[in-house]
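Work through the exercises below with the sequence and the 3D structure at hand. Each task is followed by a solution in steps.

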Amino acid sequence: MIVLGIETSCDDTAAAVLDGSGVRSDVVWSQDLHARYGGVVPELASRAHASQIVPVVRAALAQAGVERPDAIAVTAGPGLMGAVLVGLSYAKAASLGWGVPFIGVNHLEGHLLSGLMEPGASGVQAPGFPFLSLVISGGHTTLYAVHGLGEYTVVSETVDDAIGEAYDKVARMLGLGYPGGPLVDGLAAQGDPRVIPFPRPRLARVVAGERQTVDDMSFSGLKTAVRTAIERNPLLAPADVCASFQQAVVDVVCDRVRRAATELDMAVVLVGGGAAANSGIRAGLSAMGLRAVLPARSRCTDNAAMIAHVGRLYLSAGVAPDGLDRTARSPWAPGGAPVRQSR
Ligand code: KG4
Ligand code: ZN
């Protein structure tokens, strides 16, 4: 089955073609126009998607040597609603015009399962459940236990900032530019992570009068600690600030993954989302003694191959395609209602 994937949930207009043997084309048009505003401007994103969707899809089909796919998979949320609707409306029109089915895909589920597309992983059709999957992007930071296709439980998630968001904010404090993740990551490689002992918080709640630590994550205190350190000592080398910040993030992420792997007896962790491109996080997870499945950096940030991949998995599993009444959803937890992993 040849599937055309379409992704327009944020600031990348993307289309990809995937068949049973892998990704045949993967086109991403990144909207650099947001950089001057220091963040994504939703209305500008929608307009840019509307102007780029046709050439991007045409390029993906041409590169794959495909005139008409067998099916279309399109991001139907979560994301910026106006932006999602551009891709969804296009997919409906193309589905009607070509006479092929389409299916709405959860963007987070794209990141969640993107590790399964990697060479050496279990292959496009045969996910090796169960495993852990860490989705770390600009808007989400969640560790899932993946029991099967569409069967996800939340093991740990951020209670405030997402990791990518924290990177973007630290980059802004240091005047580095947007998106901040790759810039802070690059500078961190030149700094000393031991210079500033930033906090590695463990959250707690009080149950029946007793204080219990919980496995959720928090990055807003860390971000404030970075701001305070810079204000108190303006002579700090930005590279040392970045390296110390990155080490704190890596330590928190690796701690939660280690705990979950031990408690749930899982030996494999997939990583997805823009911040999965981070060199510190990749190195930290690779050194943990688990099998860490790390997608290529271009498959960590938003792309349509991961959407085509999930759509293909569902259609191959016999799930019915969507009708033209399919609506966009945001927020939308992958697999349906959010379920907490019970301990
Ligand atoms: O998945 P993505 O492309 O879009 C969302 O769905 O959010 O993720 C974008 C986020 C941005 O916050 C960006 O700064 C972050 O991923 N990011 C990184 C790195 N590359 C991208 N964060 C840390 N280190 C990186 N190397
Ligand atoms: Zn994303």
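Helices, here runs of H or I with at least four residues, and strands are DSSP runs, numbered from the N terminus. The model is a predicted one.

**Exercise 1.** Describe the course of helix H1 and say what follows the helix.

*Solution.*
Step 1. Helix H1 covers residues 42-64, which is 23 residues.
Step 2. From its first C-alpha to its last, H1 reaches 31 Å, close to the 33 Å expected at 1.5 Å a residue.
Step 3. At Gln52 the helix H1 bends by about 45 degrees. A proline, Pro55, follows within four residues.
Step 4. After H1 comes Gly65, with a positive phi near 70 degrees.

**Exercise 2.** Find what the buried residues of H1 pack against.

*Solution.*
Step 1. Buried means under 20% relative accessible area.
Step 2. The buried residues of H1 include Ala45, His49, Gln52, Ile53, Val56 and Leu61. Gln52, where H1 bends, is thus listed among the buried residues.
Step 3. The buried residues of H1 pack against strands S1 (3-7), S2 (12-19) and S3 (22-30), and against helix H2 (81-98).

**Exercise 3.** How many disulfides does the structure hold, and why does Cys10 form no bond with Cys300?

*Solution.*
Step 1. A disulfide is a covalent bond between the sulfur atoms of two cysteines.
Step 2. The cut-off for such a pair of sulfur atoms is within 2.5 Å.
Step 3. The closest cysteine sulfur to that of Cys10 is in Cys300, and because it is 16 Å away, it is too far for a bond.
Step 4. For the sulfur of Cys300, the closest cysteine sulfur is in Cys254, at 15 Å, also too far for a bond.
Step 5. Cys10 is partly exposed, at 23% relative accessible area, whereas Cys300 is buried, at 0%.
Step 6. The structure holds zero disulfides.

Terms used
Residues numbered from 1 in each chain as written. Chains lettered and ligands numbered in written order. Predicted model: local features only at pLDDT ≥ 70, side-chain atom pairs only at ≥ 80, totals over all residues. Heavy atoms only, no water. Helix = DSSP H or I, 4+ residues; strand = E, 2+ residues; numbered from the N terminus. Expected span 1.5 Å × (residues − 1). Bend = angle between axes of the 7 residues up to and from the residue. Buried < 20%, exposed > 50% of the residue type's maximum accessible area, 1.4 Å probe, protein only. Contact = heavy atoms within 4.5 Å.
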